[in-house]
Amino acid sequence: MADLASIDKILKEYYLGPVQEQLNNEVLLLSRLEARSEDLVGKAAFVPLHAGRSAGIGAVGESAQLPAAGSQTYARAEYDLKYLYGRVQVTGPSMAKSKSDAGSFLQILKGELDGVRNDLQKDLARQVYGTGDGVIGTGALSGTGTLVTLTDWEPLKKGQFYVGQTLTGAVASTGVQAAGSLLVTAVTIVGAATSTLTVTKTGTIADATYALSRSGSVTSAQALNRYNNTVRSNEIDGLQRVVNGFTPTSASAADGTFGTTAKSGSLGKIDSFTSTYWDNQRTFGGTPGTAEALTIMRVQQAINAGRQLGAMPSAIITSLGVQREFYRLLQANQQFVAPGATDYASGFSTLTYNGMPVIADIDAPFGKMFILDESTIKVFSDQNWHFLDADGQTLRQVANLDAYEAIMVRYMNVGATNRNKNVIINDISVNGVADVGV
């Protein structure tokens, strides 16, 4: 007979291990970055930084005064852990129907756990490449208030919007969060600026253009300070925050309100506008925001920008479309390509350029190429994915319901130890148009 005690053991011993491995290895960027916990103090990670060199050096003449003594300067980056969850429920009647057959009951539970694992994997991949602000995409709620026309179809093409998802929205021009939610009931892919979400409104939400986030991921205060120096959302700081594509224009969190263009470029509670040593490298094809064709010269200049600051670039990560564009360039420059392919976890395969793998990931942002010194980017986590079982129970009854639930959790964040050794190439066009990701 399947009782809760036996199910607990099976979930922990036989289910959790494969789930941990799949979640970590199937999110490409996480599978490549080092996880470290020795720097954790409570629920934050502290990274000491070498911020400046000594001025106490110089050449002087005979009997002249020696250079004034100097000292190295130091700073500290602080990364708060973010709390990620996956929650499943099975009803009492479904348990009753299979109470004499442990295998049958486990299939019901396994179906829910496998489903939430896949959902966690997809959402974690989105966060890992994100900006840390929790925004999935932007769209205009109009007409009857049940249709959202997306500004860009990228998140829809990546499956980041889907039926059954509950969203909250902050007005794009002000950052004021709407007092209600939107339940996605249908998605329609039409074109880059004409794809739509059909939604059901809960609460009072006026027609406007909204930055859309997963429900619970962004508080009202966080929405008003999208670019601030501390916590932008309840989601992790993704690659586009660690290696951001814009030039910092302000040191002040107060200047980082949602509707303004002022951005501090902060990471780990240090702004890179004032602390320029903490800024990553970036290149634009011309006018920022205007897509231009990729060239081998652009790639090599970006690699050199990192190397000038002591980087040892170890990987190039980009979208499927940009990788295809890069391979097209290399067809006429075969001497740059090392023979053979390199295989990675989950079936990823790539060629190399200048000794580095050029890796395409479906969840990587369109129109960008990241040249990374992966030794400088870290995943901070106190432990791996695990069941919430501090009370000794993995499967527990839901209060006031004839149902049982299991909750998976991981506390983690992504950050850097030497940010300026990483480079981003912005505004890459594919086939002469904006990157469509294929």
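Strands β14 and β17 (residues 356–360) pair in the parallel sense, over three bridges. This is a predicted model. Within the pair, I317 has I359 of β17 as its bridge partner. Strand β14 covers residues 315–318. It also pairs with β18 (residues 369–372). That pairing is antiparallel and uses four bridges. Here T318 stands opposite M369 of β18. Both senses of pairing rest on the same kind of link: strands of a sheet pair through backbone hydrogen bonds, either parallel or antiparallel.

Now look at the two faces of β14. Are they covered or open? Both are covered. A315 and I317 lie on one side, I316 and T318 on the other, and all four residues are buried.

Follow β18 to L372. Which residues does L372 touch, beyond its neighbours within four places in sequence? The contacts include A315 and I317, both of them residues of β14. P313 and S314 are also in contact with L372. So are L29, L239, V243, I377 and N422.

L372 leads on to the nonpolar cores. The largest core has 55 residues. L372 is among the members that touch the most other members, together with L29, Y79, L124, L239, W278 and F387. Strand β22 (residues 403–416) gives the most to this core, with eight residues. A second, separate core has 19 residues, including I296, L329, M356 and V358. M356 and V358 fall within the residue range of β17, the parallel partner of β14. In general, nonpolar side chains tend to be buried together in soluble globular proteins.

Not every nonpolar group is hidden. Y83, Y85 and L388 form a nonpolar patch on the surface. Together they have about 290 Å² of accessible area. Y85 is found in strand β5 (residues 82–91). Why does Y85 count as partly exposed? Its relative accessibility is 43%, and partly exposed covers values between the 20% limit for buried and the 50% limit for exposed.

E154 makes a useful contrast. It sits in helix α5 (residues 154–157). E154 is buried, because its relative accessible area is 15%, and buried means under 20%. Leaving aside neighbours within four places in sequence, E154 is in contact with A364, P365 and F366. G191 is 37 residues from E154 along the chain. The C-alpha atoms of E154 and G191 are separated by 9.9 Å.

Next comes an open sheet of three strands. What is the strand order? It is β2-β3-β4, with antiparallel pairing. The edge strands are β2 (40–41) and β4 (73–80), each pairing on one side only. Strand β3 spans residues 44–52, and two bridges join it to β2. In that pair, L40 has A45 of β3 as its bridge partner. Y79 lies within the range of edge strand β4, and Y79 is also one of the best-connected members of the largest core, among those touching the most other members.

Finally, step back to the whole chain. The secondary structure comes to nine helices and 25 strands. The chain has 438 residues, and 50% of them are buried. How much of the contact set links residues far apart in sequence, at 24 or more positions? Among contacts with a separation of 6 or more, 76% join residues 24 or more positions apart. The accessible surface comes to about 19,400 Å². Carbon and sulfur atoms account for 54% of that surface.

Terms used
Residues numbered from 1 in each chain as written. Predicted model: local features only at pLDDT ≥ 70, side-chain atom pairs only at ≥ 80, totals over all residues. Heavy atoms only, no water. Pairing = 2+ DSSP bridges. Core = buried A, V, L, I, M, F, W, Y, C linked by side-chain atoms within 4.5 Å. Buried < 20%, exposed > 50% of the residue type's maximum accessible area, 1.4 Å probe, protein only. Contact = heavy atoms within 4.5 Å. Patch = residues over 30% accessible without salt bridge, like charges linked within 9 Å, V, L, I, M, F, W, Y side chains within 5 Å. Areas by Shrake-Rupley, 256 points an atom, 1.4 Å probe, with all protein chains shown as cover. Salt bridge = Lys/Arg side-chain N within 4 Å of Asp/Glu carboxyl O.
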